[in-house]
Amino acid sequence: MIIEIEMAIRSKAVSMIQSAENEPAVETLSVAATLKHHLNSLFSLCCRLEHIADSLPNNVDRQECLFVARSIHPLVRRAHDFEEEVLFPVLRESAFDSDSLRETLDRLQCEHWEDESFAEEIQQELYRFVREPKAVNPESLGYMLRGFFEGLRRHLAFEREHVMPLLTNVGSR
Ligand SMILES: [Fe+2]
């Protein structure tokens, strides 16, 4: 089953490369635009998490907290699915493919796994805070939120500064 999924993803990436050879600007722009959309969504999520962390313990808007709790894991998961199933295969099949690029993409994928696990923990903790604020240690929650969004911001900044330029140049090679 896993092999079938990997083959399907690989086939999708190859067809995107083939399409990119015919119409490089359109295909590459579409992947770049989708990446930009996900990066912006996650940067915005980081700002919302920082605002919650800064408002702990007494000034947190619980409606906002509930909204963030509901959206954090799906947002992170959607961005990672796009990068791992579309973006990374496109880069691996591009003229930029190298040992160094493969190592970088492997590292980014490992960070995705850590962030998804962390996002689930934060989701549960935010739900707990909304239900019963006094049952949650605000310092621990603040520490957890900052650990997550600071790490995620570094990951996003790397992708914006080092991965996005590769993508925008794929069609020009
Ligand atoms: Fe990523």
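These legends accompany close-up views of a predicted model.

**Figure 1. The fold of the protein chain is built from helices.**
The predicted model has five helices and zero strands. From the N terminus on, the order of elements is α-α-α-α-α. The protein chain has 173 residues, and 22% of them count as buried.

**Figure 2. Helix α3 carries a kink centred on E83.**
Helix α3 covers residues 62-92. The bend at E83 is about 40°. End to end, the C-alpha atoms of α3 lie 43 Å apart. The expected span for its 31 residues, at 1.5 Å a residue, is 45 Å, so the two values agree.

**Figure 3. Helix α4 has the span expected from its residue count.**
Helix α4 covers residues 99-131. Its 33 residues should span 48 Å at 1.5 Å a residue. The end C-alpha atoms of α4 are 48 Å apart, which agrees. Five residues of α4 are shown: D115, A119, I122, L126 and F129 are buried in this helix. For each of them, being buried means that 20 or more other C-beta atoms lie within 10 Å of its own.

**Figure 4. Helices α3 and α4 pack in a left-handed crossing.**
The axes of α3 and α4 come within 9 Å. They cross at roughly 165°. An angle over 145 degrees counts as roughly antiparallel, and α3 and α4 are therefore roughly antiparallel to each other. The handedness of the crossing is left. The residues of this contact divide into 16 nonpolar, five polar and eight charged.

**Figure 5. Residues E84 of α3 and Q109 are brought together in space.**
E84 lies in helix α3. Along the chain, E84 and Q109 are 25 residues apart. Their C-alpha atoms are separated by 7.3 Å. E84 has 15 other C-beta atoms within 10 Å, so this residue is partly exposed.

**Figure 6. The loop between α2 and α3 contains a cis peptide bond.**
Helix α2 spans residues 24-55. P57 sits in the loop that follows, between α2 and α3. The bond joining L56 and P57 is cis, with omega about -5°. N58 lies in this loop too. N58 has 7 C-beta neighbours inside 10 Å and therefore counts as exposed. In sequence, N58 and P138 are 80 residues apart. In space, their C-alpha atoms are 9.3 Å apart.

**Figure 7. Residue E64 of α3 is shown with L49.**
E64 belongs to helix α3. There are 14 other C-beta atoms within 10 Å, so E64 is partly exposed. E64 and L49 are 15 residues apart in sequence. From C-alpha to C-alpha, the distance between E64 and L49 is 9.8 Å.

**Figure 8. Residue N40 of α2 is shown with L156.**
N40 lies in helix α2. N40 has 12 C-beta neighbours inside 10 Å and so counts as exposed. The cut-off matters here, because a residue is exposed if 12 or fewer other C-beta atoms lie within that distance. Along the chain, N40 and L156 are 116 residues apart. The separation of their C-alpha atoms is 9.0 Å.

Terms used
Residues numbered from 1 in each chain as written. Predicted model: local features only at pLDDT ≥ 70, side-chain atom pairs only at ≥ 80, totals over all residues. Helix = DSSP H or I, 4+ residues; strand = E, 2+ residues; numbered from the N terminus. Expected span 1.5 Å × (residues − 1). Bend = angle between axes of the 7 residues up to and from the residue. Axes fitted to C-alpha atoms, helices over the stretch in contact; angles between N-to-C directions. Parallel < 35°, antiparallel > 145°, perpendicular 65-115°, else oblique. Left-handed = near helix turned anticlockwise from the far one by under 90°. Nonpolar A, V, L, I, M, F, W, Y, C, P; charged D, E, K, R; others polar.
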